[in-house]
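Please open the model in your viewer and keep the selection tool at hand. The stops below are meant to be taken in order.

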Amino acid sequence: MKRIQENRQTTSETSQYECDKCKDTGWLVDGNIFKRCECFAVKEALMMFENSGIKDENYTFSNFQEWNETSKSMKITATQYYQNFTKIMNDRQNSIALLGQVGSGKTHLTLALGLNIMKSKKLPVVYFSYRDTITSIKQNMTDEEYYRRQLDRFQNAKVLLIDDMLKGKTSDSDKNIMFEIINYRYINRKPIIVSSEYGIEDLLNFDEAIGSRIYEMCKDYMVEVQNNTSNNYRLRS
Ligand SMILES: Nc1ncnc2c1ncn2[C@@H]1O[C@H](COP(=O)(O)OP(=O)(O)O)[C@@H](O)[C@H]1O
Ligand SMILES: [Mg+2]
Ligand SMILES: [Zn+2]
């Protein structure tokens, strides 16, 4: 509380703060009522990325090389999505999917998008590492309250980044959980950033209700990388 008062007195210019609204305290004061500043959610989300072992300096647009036609088109799609993001984020077609070949840079670009949306657009992005997250949700499904809270986090995230969708063995529980999340975000027009080794046909085959919603949300920004080792960055010559 002391810090807030000090900040209030000492600053008329704002450039020294990352967040001018709360002057980096994370709190807004209205009389004697304290409320979390919106920048706090972004800080928290960035911390979650860090805790998931994501080194943000590795995942930038600028260190994504255009080393073949596929990587060029992936980078163009991701960049265009980023440039249009603020304009389209409340539309039905407000999402992006990078699909197909392992090692083609799907995770790299989706993380670059997530990190830039947080750092520059100041919007929190929730990271959903498919295999780990779905396993943890399933392990705790009998705890109704915990389950609802988890779902709520992924349903209501400003932006949801689903990495490696459908990785691993999938079951009916996976379908139910993913339908609850995707359908909610579809209805409420909340963007998803998806990477998956599966193509759109495979997603439709997994579950048509889920696949078709993902398709509709992502159709303006979708790349399906051909399954071919010539598209694997790790194997480039
Ligand atoms: N075009 C690229 N330029 C630079 N690094 C890349 C590129 N494509 C992939 N990488 C790197 O190769 C590795 C594999 O990429 P990743 O994004 O994990 O692939 P995917 O998610 O498609 O399997 C990562 O370390 C990533 O940073
Ligand atoms: Mg990946
Ligand atoms: Zn703030």
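A polar contact here is a pair of N or O atoms within 3.5 Å; within protein, one must be able to donate a hydrogen and the other to accept it, and residues adjacent in sequence count only if both atoms are side-chain atoms. This is a predicted model, in which local features need pLDDT of at least 70 and side-chain atom pairs count only at pLDDT 80 or more, while totals for chains, interfaces and linings use all residues. Residues are numbered from 1 along each chain as its sequence is written, ligands are numbered from 1 in the order in which they are written, and side-chain values use heavy atoms, with hydrogens and water left out.

Select ligand 1 together with K106, where an N or O atom of the side chain is 2.7 Å from an oxygen atom of the ligand. Add T107, which places a polar side-chain atom 2.8 Å from an oxygen atom of ligand 1, and then S104, whose polar backbone atom is 3.2 Å from a ligand oxygen. Taken alone, ligand 1 exposes 560 Å², and the protein buries 83% of that (accessible areas by the Shrake-Rupley method with a 1.4 Å probe).

Next, show the 14 residues around ligand 1 (a heavy atom within 4 Å), among which Q65, G103, K106, T107 and H108 come nearest.

Finally, colour helix α4, residues 106-119 (helices are DSSP runs of H or I, at least four residues, numbered from the N terminus), which gives four residues to the lining of the largest pocket, the most of any contributor.

Key
Helix = DSSP H or I, 4+ residues; strand = E, 2+ residues; numbered from the N terminus.
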